[in-house]
Amino acid sequence: MRVVAKLDGTLVDPEAPLLRPDDYSVQRGDGVFETIFVVNRRTREFDPHLARLARSAALLDMPPVDVPAWERLSQIVIDAWPWDTHPEMGLKLIYTRGPEYGDGTPTGFAMGIPIPDSTIACRRDGVAALTLDRGYSTDLTDRAPWLLLGAKTLSYAVNMAATRYAKSQGAQEVIFTAADGTVLEGPTSTVVIAKDRTLTTTPPPLGILEGTTQAALFRAAEAAGWKTKVEPMTVEDLTSADGLWCVSSVRLITRVHTLNGTPLRDFTPLHQEISSLYEAAYA
């Protein structure tokens, strides 16, 4: 089940061709995207996702994001989704530089997709994760802005390769590290730990994407009396933490129960508490 609509609001057949062969997204991954979680017609963190889409497009020197147009487009897809049979949806917003031999008009479309069973299983059962070297230092964002480390681009080949490698080693998730061992992020998630009633995540300036789900979790935790920190972490911090999660829009608050082949301490009650805090924000 999929629902696809173009930026002009036209619903199209999800099985029909949509992109030109010379679109920069096809040739070079030159574009940006967001994935928004929608439950029973209600979006989660919709405005932060649109803001991040606009920031990513600006980093790529693309035409400014027409926020009202994307809001209308998103609602068209939401309205067309079969909520009676599929109460959850991933809403993907894709914005590319457009065709190489076009008139300079960018390409934009939205796609509603079902949540995979594998994702639901990870939410329920947790995941085993590997730490993998991302291959750059933590000061690279400032030294090499052309690498677009803070943008959510369509160039996810390395991220997907890392995920496939993890699966070949019996794990379901990856936690990237910098050259000095600093914890970065997952291929499609933000890393969060708990220690002494404090939640901590990596600062985005170290070369990671600013997490929308992580920000929502931190707001909910602070309202419940937790402390939060945004500061560098090491792999040792992950192994000694009271709890470790990889959080994202559709996988939500996914606990990591095994790291680099070693089971972590059982923190089921803490996981239930953190997940409940997050869900309560949308009740």
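**Surface patch, cores and salt bridges in a predicted model**

V26 is placed in helix α1, which covers residues 24-28. The model is a predicted one. With a relative accessible area of 51%, V26 is exposed, because exposure is assigned over 50%. Together with L18 and L19, V26 forms a nonpolar patch on the surface, and the accessible area of the three residues together is about 220 Å².

The overall dimensions were computed for the protein. Its secondary structure comprises 9 helices and 14 strands. The radius of gyration is 19 Å, in agreement with the value near 19 Å for a compact globule of 283 residues. Along the principal axes, the C-alpha atoms fill a box of roughly 55 × 45 × 35 Å. Of the 283 residues, 50% are buried. About 13300 Å² of the protein is exposed, and carbon and sulfur atoms supply 53% of this area. When contacts between residues at least 6 apart in sequence are considered, 71% of them join residues at least 24 apart.

The largest nonpolar core contains 24 residues, and W70, V77, M89, L91, L93 and Y95 have the most contacts inside it. At least two residues of this core come from each of β1 (3-6), β3 (31-39), α2 (46-59), α3 (67-80) and β5 (88-96). A second core, separate from the largest one, has 21 residues, including V192, F218, F267 and Y278. Beyond neighbours within four places in sequence, W70 of the largest core contacts L7, F46, L50, L53, V65, L93, I94, Y95, G108 and F109.

V230 is located in strand β11, residues 227-230. Its relative accessibility of 48% makes V230 partly exposed. Apart from neighbours within four places in sequence, the contacts of V230 are T201, T202, P203, P204 and F218; F218 is also a member of the second core. Between V230 and W146, the separation is 84 residues in sequence and 24 Å in space, taken from C-alpha to C-alpha.

R251 is found in the loop between β12 (243-248) and β13 (252-259). With a relative accessible area of 13%, R251 is buried. Its contacts, again without neighbours within four places in sequence, are T119, R123, E173, T188 and S189.

Side chains of opposite charge can pair when their charged atoms come close. The count of salt bridges is 15. One of them joins the side chains of D30 and R97, at 2.7 Å from N to O. This pair links distant parts of the chain, 67 residues apart: D30 is in the loop between α1 and β3, and R97 is in the loop between β5 and β6 (107-113). D30 counts as buried at 18% relative accessibility, whereas R97 counts as partly exposed at 24%.

A salt bridge also joins the side chains of E210 and R55, with an N to O distance of 3.7 Å. Because E210 lies in the loop between β10 (198-201) and α7 (212-223) while R55 lies in helix α2, the pair ties together parts that are 155 residues apart in sequence. E210 is partly exposed at 44% relative accessibility, and R55 is partly exposed at 40%.

The side chains of D242 and R265 likewise meet in a salt bridge, at 3.7 Å from N to O. D242 is in the loop between α8 (235-240) and β12, and R265 is in the loop between β14 (262-263) and α9 (268-280), 23 residues apart. D242 is partly exposed at 23% relative accessibility; R265, with a relative accessible area of 48%, is partly exposed.

How values were computed:
Residues numbered from 1 in each chain as written. Predicted model: local features only at pLDDT ≥ 70, side-chain atom pairs only at ≥ 80, totals over all residues. Heavy atoms only, no water. Patch = residues over 30% accessible without salt bridge, like charges linked within 9 Å, V, L, I, M, F, W, Y side chains within 5 Å. Areas by Shrake-Rupley, 256 points an atom, 1.4 Å probe, with all protein chains shown as cover. Salt bridge = Lys/Arg side-chain N within 4 Å of Asp/Glu carboxyl O. Helix = DSSP H or I, 4+ residues; strand = E, 2+ residues; numbered from the N terminus. Buried < 20%, exposed > 50% of the residue type's maximum accessible area, 1.4 Å probe, protein only. Core = buried A, V, L, I, M, F, W, Y, C linked by side-chain atoms within 4.5 Å. Contact = heavy atoms within 4.5 Å. Rg over C-alpha atoms; globule rule 2.2 N^0.38 Å.
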